[in-house]
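I opened the structure today to look up how its strands pair and how two of its helices pack. My notes follow in the order I checked things.

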Amino acid sequence: MTEDVMDVDCLVIGAGPAGLTAAIYLGRYRRNVVLVDSGGSRAALIPLSHNFAGFPRGIGGPDLLTRLREQVSNCNVDLIQGEVTQLKREDDCFIAHFNNGRHGTIKARTVLLATGIIDKKPAIPNWKEGVAHGTLRFCPICDAYEAIDLNVAMYAPTQSRVKHALFLRTYTDKLTLFCHIPDEPMSGRDRCKLQELGITVVEEPIANISLAEDYSPVIHMEDGTEQRFDVLYPMMGDIARSELATRLGAKCNEERQLVTDTKQRTSIPGLYAAGDVVDALNQVNVAIGHAAIAATDIHNYLREVEFGSRAKR
């Protein structure tokens with residue numbers, strides 16, 4: 001039995017704010033679009049954001065995604081719940097294989113990757129409950145404003161630990177940085193800089209991190225002591241979900257986030273990227289801007305191909 005192949009103008013992979021916005025634009029451009037999403041959008045974890053323009057009382061991530069999905073449903077876009085397992089370039093098109101309980105194939109003239117990132121986290125059994133209660137946070141740019149004057153801990157075994165600590169110090173003078181890295185001890189200069197600002201620096205090893213009954217984070221040290229805080233920021237970096245593009249040879253940075261031009265075009269012709277998977281500021285507002293730019297360029301690119309000439313872009 002021959003497998004049916006969907007033939008579309010654009011395949012959008014990922015249904016977070018970037019992917020959904022791109023699908024809305026492309027649908028309104030009267031393009032034949034299919035959106036494939038495997039679930040797990042990082043935005044779905046946002047309990048309430050006051051950092052998204054137009055919602056003065058804030059909006060939760062699930063609510064925002066629901067609104068965007070409703071708008072997509074009005075734009076003649078096919079939405080498939082599934083995972084794209086393979087993406088290949090053949091002639092002037094892309095061939096994508098997906099799995100949603102059954103295997104399917106999509107032939108697309110263009111592809112927009114909006115697959116996002118995965119935050120690296122310490123092993124905290126009920127970490128999602130901490131996120132829901134605002135005691136465990138991952139993005140100071142998004143929500144440090146909500147932690148003003150609270151007792152904040154930052155767990156940051158990364159190269160950017162000092163930069164992150166200085167940023168958080170804007171919001172509270174009760175800040176403790178846990179940064180045990182035996183092979184990368186903090187320089188005396190950095191230690192003095194932090195201590196001059198009243199930031200407590202802890203370089204002793206941590207045994208584990210837990211959440212108390214009220215979901216406040218508790219840092220358990222290897223010496224048997226423990227400290228409780230109002231909020232914990234685990235600044236451990238993230239993992240970009242860029243494998244579909246990098247396997248095609250798309251250019252990326254050291255964190256494997258995709259490098260794009262001002263039109264959100266990757267180094268692979270016809271392959272675009274938007275949102276957190278791109279080497280840019282990881283914010284919902286930025287992701288939506290990426291999507292609008294990418295979708296518009298995709299429409300113009302397809303129009304030029306269809307008419308056999310390249311208008312000024």
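**Entry 1: a pair of residues.** I started at asparagine 208 and looked for its bridge partner in S12. The partner is histidine 220. I keep in mind that this is a predicted model.

**Entry 2: the strands around that pair.** Next I looked at the two strands as a whole. S11 pairs with strand S12, residues 217–221, in the antiparallel sense. I noted 5 bridges between them. How many strands form this open sheet? I found 3, in the order S11-S12-S13, with antiparallel pairing. The edge strands are S11 (206–211) and S13 (226–228), and each pairs on one side only. From one strand to the next, the twist averages 15°.

A reminder to myself: strands of a sheet pair through backbone hydrogen bonds, either parallel or antiparallel. I then went looking for the parallel kind.

**Entry 3: strand S1.** I moved to S1, residues 5–13. S1 runs parallel to S6, residues 103–113, and 8 bridges join the two. Within this pairing, valine 5 has threonine 105 as its bridge partner in S6. S1 is also joined to S2, residues 33–37, by 4 bridges, and these two strands run parallel as well. There I saw valine 12 opposite leucine 35 in S2.

**Entry 4: strand S2 and the crossovers.** I followed leucine 35 further. Its bridge partner in S3 is leucine 79. S2 and S3 (residues 78–81) pair in the parallel sense, over 4 bridges. How does the chain get from S2 to S3? It crosses through H2, in a right-handed β-α-β crossover. I checked the other unit too. S1, H1 and S2 make a β-α-β unit, and that unit is right-handed.

**Entry 5: the two helices.** Both crossovers had led me to a helix, so I compared H1 with H2. H1 covers residues 17–28 and H2 covers residues 61–73. Their axes lie 9 Å apart, and the packing angle is about 20°. Are they roughly parallel or roughly antiparallel? Angles under 35 degrees count as roughly parallel, and H1 and H2 are therefore roughly parallel to each other. H1 passes H2 in a left-handed crossing.

**Entry 6: who touches whom.** I listed the residues where the helices meet. From H1 come Pro17, Leu20, Thr21, Ala23 and Ile24. From H2 come Leu64, Leu65, Leu68, Arg69, Gln71 and Val72. I sorted this contact by class: 8 residues are nonpolar, 2 are polar and 1 is charged.

Technical notes: Residues numbered from 1 in each chain as written. Predicted model: local features only at pLDDT ≥ 70, side-chain atom pairs only at ≥ 80, totals over all residues. Heavy atoms only, no water. Axes fitted to C-alpha atoms, helices over the stretch in contact; angles between N-to-C directions. Parallel < 35°, antiparallel > 145°, perpendicular 65-115°, else oblique. Left-handed = near helix turned anticlockwise from the far one by under 90°. Contact = heavy atoms within 4.5 Å. Nonpolar A, V, L, I, M, F, W, Y, C, P; charged D, E, K, R; others polar. Pairing = 2+ DSSP bridges. Right-handed = clockwise from strand over helix to strand, strands pointing away.
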